[in-house]
Amino acid sequence: MEEKVLKAKNGLGIMILLILLYLAAVVVLLVGIAYVEVNFAGAVMLITGLVWLIFGWIPFLGVKVLKPQEALVLTLFGEYIGTLKGEGIYYVNPFVSAVNPAAKTTLRQSGDVNSNEGITVTANGKQAAAENSKRISLKIMTLNNNKQKINDCLGNPIEIGIAVIWRVKDTAKAVFAVDNYKEFLSLQCDAALRNIVRIYPYDVAQNVDTTGDGEPDEGSLRGSSEVVALRIKDEIQSRVLEAGLEIIEARITYLAYAPEIAAVMLQRQQASAIIDARKMIVDGAVGMVEMALNKLNEGGMVELDEERKAAMVSNLLVVLCGNKDAQPIVNSGSLY
């Protein structure tokens, strides 16, 4: 079902006319009461004023007031007649009813409607409260879904949370295509997040293909957050397209290993960091030893045989690669 924008009449003039008619009905009723025993016209005026006062509130139901970025999906006896959009005062058929199945749904998102606030006092207070809760917000909203525990492509349990920025694009689809478009969006966000996270490892791993081209790559949840967020957005959009929703952006707001393996993974990261640091120290030490030997040979300062060179290399590596400061020993005798 496609959205139809309803072209309603300007309701301000009609509302003023209805108020004047109500005041006129009060005057006619009072005049009729005064002349009811004098002539027949007085009785007619009495009945007319009384009937209008009893049923005159019905035309007021056709007055609809909308704020900026709000919409009302209207039905007449169960048939969809159109969507009222744009701020202002409008007048429609007083027997239409507004439909919003997600009016009372509260999620962890901005823009949730509270039916107990913002109620306008009109000729029929209950009707105004109902309409206020049935309005559909067209503003850009943010859905902050709960954190989920998901296994990555290596089977490691991780906790991840996302924030989805969205808005209602087609009000007719949002109301009639799904039972509750807010709950539908939340469920599809969870499903899409699980599908995408299972493709990636938490950190860069060997022999893992995250792009689907058959070649290993360096994609990861921690290092490729922009790419992952874009894939999550596209996945959610494909799922909620039939519900008339537009996904503007999706962002990862929380990412960590699950508590049961967090300590082990921290030790693993620390060990990896220590190994990388040691490798850098050893590479630098070997270069410094090589440079020292070359300088000694070039200057002809000392001639060392292979055994003494090996001892010198060993001593220099101990000094350069040790965790603690070396204690020097002065040799006052001969090298041989």
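A residue counts as buried when its relative accessible area is under 20%. In this predicted model, W166 meets that condition, because its relative accessible area is 0%. W166 belongs to strand 10, and it makes a convenient place to begin a tour of the chain.

The chain has 336 residues, of which 33% are buried. Its secondary structure consists of eight helices and eleven strands. Contacts reaching far along the sequence are well represented: among those between residues at least 6 apart, 69% join residues at least 24 apart. W166 offers an example of closeness in space across a long stretch of chain, as its C-alpha atom is separated by 5.4 Å from that of I248, 82 residues away along the chain.

W166 is also a member of the largest nonpolar core, which holds 39 residues. Together with V168, Y181, L185, I232, I236 and L245, W166 touches the most other members of this core. In soluble globular proteins, nonpolar side chains tend to be buried together. Here, the elements that supply two or more residues to the largest core include both strands and helices: strand 3 (70-76), strand 8 (141-144), strand 10 (157-168) and strand 11 (245-257) on the one hand, and helix 4 (171-176), helix 5 (181-197) and helix 6 (225-240) on the other. Helix 5 gives the most, with seven residues. Another core, of eight residues, lies apart from this one, and L66, L74, L84 and Y90 are among its members.

Strand 8, one of the contributors to the largest core, is joined to strand 10 by four bridges, and the two run antiparallel. Within this pairing, M141 has W166 of strand 10 as its bridge partner. In a regular strand the side chains alternate between the two faces of the sheet. Strand 8 shows such a pattern: M141 and L143 point to one face and are buried, whereas T142 and N144 point to the other face and are not buried.

Closer to the start of the chain, attention turns to a pair of helices. Two packed helices are described by the angle between their axes and the distance between the axes. For helix 1 (residues 11-35) and helix 2 (residues 40-55), the axes come within 7 Å and cross at roughly 145°. The crossing of helix 1 past helix 2 is left-handed. On the side of helix 1, the contact is made by L21, Y22, A25, V26, V28, L29, V31, G32, I33 and Y35, which meet G42, M45, L46, G49, L50, W52 and L53 of helix 2. The residues of this contact comprise 14 nonpolar, three polar and no charged. V51 is also situated in helix 2; with 41% relative accessibility, this residue counts as partly exposed. The C-alpha atoms of V51 and L29 are 9.4 Å apart, and the two residues are 22 apart in sequence.

Helix 1 has a second partner in an open sheet. Three strands form this sheet in the order 1-5-2, with antiparallel pairing. Strand 1 (9-10) and strand 2 (63-66) are the edge strands, each pairing on one side only. Strand 1 and strand 5 (residues 88-91) are joined by two bridges and run antiparallel, with K9 opposite Y91 of strand 5. Helix 1 packs on the sheet and touches strand 1, strand 2 and strand 5, and the direction of helix 1 makes about 65° with that of strand 5.

Finally, two residues deserve a look for their backbone geometry. Most residues other than glycine have a negative phi, and most peptide bonds are trans. Q69, although not a glycine, has a positive phi of about 60°. Q69 sits in the loop between strand 2 and strand 3 and, at 44% relative accessibility, counts as partly exposed. F77 also has a positive phi, of about 55°, and is found in the loop between strand 3 and strand 4 (79-85). In contrast to the partly exposed Q69, F77 is exposed, with a relative accessible area of 74%. The strands on either side of F77 form a hairpin with two residues between them. Strand 3 and strand 4 run antiparallel and are joined by six bridges. Within the hairpin, L74 stands opposite G82 of strand 4, and L74 is also one of the members of the eight-residue core.

Conventions: Residues numbered from 1 in each chain as written. Predicted model: local features only at pLDDT ≥ 70, side-chain atom pairs only at ≥ 80, totals over all residues. Heavy atoms only, no water. Axes fitted to C-alpha atoms, helices over the stretch in contact; angles between N-to-C directions. Left-handed = near helix turned anticlockwise from the far one by under 90°. Contact = heavy atoms within 4.5 Å. Nonpolar A, V, L, I, M, F, W, Y, C, P; charged D, E, K, R; others polar. Pairing = 2+ DSSP bridges. Core = buried A, V, L, I, M, F, W, Y, C linked by side-chain atoms within 4.5 Å. Buried < 20%, exposed > 50% of the residue type's maximum accessible area, 1.4 Å probe, protein only.
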